[in-house]
Amino acid sequence: MGSLKLENIKKSFGKVDVLKGIDLDVKDGEFVVFVGPSGCGKSTLLRVIAGLEDATSGSVKIDGREVSAVPPANRGIAMVFQTYALYPHLSVRNNMGLGLKQAGAPADLIGKRIAAASSMLSLDPYLERRPAELSGGQRQRVAIGRAIVREPKLFLFDEPLSNLDAALRVNTRLEIAKLHRELKATMIYVTHDQVEAMTLADKIVVLNAGRIEQVGAPMQLYNSPANEFVAGFIGSPKMNFIEGARLGDSARTVGVRPEHISVSDQGGAWKGTVVHAEHLGADTNVYLETEQAGLITIRLFGEYRAEPGATLYATPDAGRTYRFDERGMAVR
Amino acid sequence: MSQARSSPARTIAAHAVLILYTVIALFPVLVIIVNSFKSRAAIFNSPLAPPTAKTFDLIGYTTVLSQGDFFAYFQNSLIVTVASLFFVLLFGAMAAFALSEYRFRGNTLMGLYLALGIMIPIRLGTVAILQLMVASGLVNTLTALILVYTAQGLPLSVFILSEFMKQVSDDLKNAGRIDGLSEYRIFFRLVLPLVRPAMATVAVFTMIPIWNDLWFPLILAPAENTKTITLGTQIFIGQFVTNWNAVLAALSLAILPVLVLYLIFSRQLIRGITSGAVK
């Protein structure tokens with residue numbers, strides 16, 4: 001009861017093409033994350049799905065029904081915004097109930113839905129408060145509650161965690177994951193944070209410059225990126241890209257993830273000097289200036305003593321290097 | 001640095017400047033009020049002296065209240081000011097919302113056109129306005145004044161309010177759209193309350209010139225039953241003899257309603273100005 005189909009969606013603001021032909025299928029109950037750098041069009045795409053922007057061309061179908069000409073309130077969607085966007089003059093209860101009230105639902109149904117949502121999000125003690133009297137995390141829970149109350153076919157999240165501090169972000173992320181499991185609803189989630197994308201998504205859509213670069217499960221994107229952009233975008237620290245010619249490889253670029261390189265002070269494929277080391281406790285990031293591959297990043301698990309200036313040898317894991325051609329596409 | 005900021009010498013200097021300015025600004029008002037309670041001879045003998053038991057005289061007030069229909073003038077002024085204020089705020093806010101919220105061809109041009117009136121005084125068009133009012137039979141009606149003052153107040157109102165409305169969160173308006181609120185409900189219930197300080201600023205800037213205006217009442221509505229208070233006061237100013245007691249008393253009375261309106265708006269006004277009135 002909550003599928004979405006996008007066909008050749010294009011959107012231009014004046015002469016600027018923001019979306020350049022997006023096709024996408026989202027199945028019922030899927031958690032799909034749009035991820036990409038700033039300005040890639042992911043938020044615009046979400047707004048087109050919500051009906052807050054009209055697409056220049058293309059069609060949006062929710063549950064097989066063409067909704068391009070349907071106003072946002074009648075599309076069967078609910079949206080959670082980055083800035084919470086709670087109505088400042090209404091109590092938490094009325095904030096959550098407003099959508100249903102506008103749709104003309106009976107009062108007892110509204111009350112029942114609010115009660116269910118507020119107990120799910122532990123908002124019961126706050127129902128009579130105004131948004132100004134709540135903390136950031138609570139506000140975002142109210143915003144999520146407002147979405148749940150409407151029982152939409154499609155949940156849309158527009159960077160909902162970006163305004164929260166790090167600890168709250170992790171908590172709210174867990175809550176959203178739990179919510180998805182409980183409601184079994186279709187959710188579309190926009191973020192620029194790949195950790196959120198990897199942890200929440202059934203399916204990630206990587207967008208860049210108004211186009212879809214790759215669609216796939218998180219591990220699929222990590223293990224077999226379709227092109228250089230996806231390879232560089234997914235994974236942290238970023239994948240090392242080395243000119244193929246320097247390594248005597250026929251591919252234009254060779255990519256190795258920092259966690260797929262082993263080091264030794266005795267000997268290995270690439271000899272280099274340590275430029276800098278970041279000690280994070282659980283892992284250590286070493287920046288190594290090598291003779292063969294230039295500056296590379298190496299991620300070592302656990303603590304590792306590496307002094308700047310020391311000589312180290314790095315060896316890439318042979319089975320886990322990626323090769324890209326002139327157009328940046330992966331060569332298999 | 002925090003030391004310098006709280007140094008007593010600086011604080012005193014700053015307050016001295018502010019107090020001096022306050023004195024200069026309030027002095028004429030004070031002179032008017034003080035003299036309105038004095039006899040005619042005392043006004044001319046020692047204009048700056050406060051009324052004493054000997055010089056105290058309410059002749060000005062009694063003249064004002066007995067001569068002419070002063071309460072009607074008052075009422076006219078109030079009707080004109082409040083009605084114009086209402087329309088300036090309503091239409092100004094609506095135009096500002098459209099300019100800041102919707103993308104359409106000619107948006108910037110329309111904004112400039114609406115703001116043009118800030119630079120061109122409406123009095124330049126007096127002759128044309130008079131012809132228009134004569135043609136439409138609105139001469140000697142309060143409607144004529146309300147229409148002119150609404151037009152006069154709109155440019156500044158649109159200009160200031162559209163700047164403020166651009167700062168209202170898009171997410172909030174979009175949340176309203178998703179919850180099925182009409183554009184009117186979004187405008188009246190979500191956006192207007194958030195720009196209230198700006199509305200108060202516009203209200204004060206619009207209200208005072210309208211209340212004080214003599215020009216348009218003189219030209220468009222000089223009839224006895226449509227006289228405003230500034231025009232009504234003129235009956236005491238003659239070519240050869242001016243009834244100063246009455247003029248000063250009338251002016252003192254005329255200050256009251258604006259003062260009340262100002263006090264209503266002032267808390268919001270200060271917030272409006274401090275949050276960057278025109279930026």
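A:P237 sits in the loop that links α8 (228-233) to β11 (240-243) of chain A. (Helices here are DSSP runs of H or I with at least four residues, strands are runs of E with at least two, and both are numbered from the N terminus.) The peptide bond running from A:S236 into A:P237 is cis, with omega near -5 degrees. That is worth a second look, because most peptide bonds are trans, and most residues other than glycine have a negative phi.

Before going on, two notes on what you are looking at. This is a predicted model, in which local features need pLDDT of at least 70 and side-chain atom pairs count only at pLDDT 80 or more, while totals for chains, interfaces and linings use all residues. Residues are numbered from 1 along each chain as its sequence is written, and chains are lettered from A and ligands numbered from 1 in the order in which they are written.

**Two domains in chain A**

The domain assignment splits chain A into domain 1 (4-230) and domain 2 (237-324); such bounds come from an automatic or database domain assignment. Taken over C-alpha atoms, the centres of domain 1 and domain 2 of chain A are 38 Å apart.

**Some unusual backbone angles**

What is the phi of A:D63 near? The value is near 55 degrees, which is positive in a residue other than glycine. You'll find A:D63 in the loop between β4 (57-62) and β5 (65-66) of chain A. A:Y84 isn't a glycine either, yet has a positive phi of about 65 degrees; this residue lies in the loop between β6 and α2 of chain A.

Are these two buried or exposed? A residue is buried if 20 or more other C-beta atoms lie within 10 Å of its own, exposed if 12 or fewer, and partly exposed in between, with C-beta atoms placed from the backbone. A:Y84 counts as buried because it has 25 C-beta neighbours inside 10 Å. A:D63 has 16 other C-beta atoms within 10 Å, so it is partly exposed.

**Strands that pair up**

Strands of a sheet pair through backbone hydrogen bonds, either parallel or antiparallel. Here, two strands pair if DSSP finds at least two bridges between them. Chain A has an open sheet of six strands in the order β6-β7-β8-β3-β9-β10, with mixed pairing. β6 and β10 of chain A are at the edges with a single partner strand each, so one side of each has no neighbour in the sheet.

Here are some strand pairs of chain A:

| Strands | Sense | Bridges |
|---|---|---|
| β3 (residues 31-35) and β8 (residues 186-191) of chain A | parallel | five bridges |
| β9 (residues 203-208) and β10 (residues 211-216) of chain A | antiparallel | five bridges |
| β13 (residues 261-264) and β17 of chain A | antiparallel | four bridges |
| β14 (residues 270-279) and β17 of chain A | antiparallel | four bridges |

You can pick out single partners, too. A:V35 has A:T191 in β8(A) as its bridge partner, and A:I204 stands opposite A:G216 in β10(A). The hairpin of β9(A) and β10(A) has two residues between the strands, and A:A209 in this hairpin takes a positive phi near 50 degrees.

Now for β17(A). A:S264 has A:Y313 as its bridge partner there, while A:G272 stands opposite A:L312. In a regular strand the side chains alternate between the two faces of the sheet. Strand β17 (residues 311-316) of chain A shows this: A:L312, A:A314 and A:P316 point to one face and are buried, while A:T311, A:Y313 and A:T315 point to the other and are not.

**Over to chain B**

How many helices and strands does chain B have? The count is 14 helices and zero strands. For chain A it is eight helices and 19 strands. Of the 279 residues of chain B, 33% count as buried; of the 332 residues of chain A, 41% do.

One residue to find in chain B is B:F159, in helix α8 (residues 142-166). B:F159 is buried, because 22 other C-beta atoms lie within 10 Å. Its C-alpha atom is 5.9 Å from that of B:A115, 44 residues apart along the chain. Leaving aside residues up to four places away in sequence, B:F159 touches B:A115 and B:I118. (Two residues are in contact if their C-beta atoms, placed from the backbone, lie within 7 Å.)

**Where the chains meet**

The contact takes 17 residues from chain A and twelve residues from chain B. On the chain A side, β6 (77-80) and α2 (92-102) each supply at least two residues.
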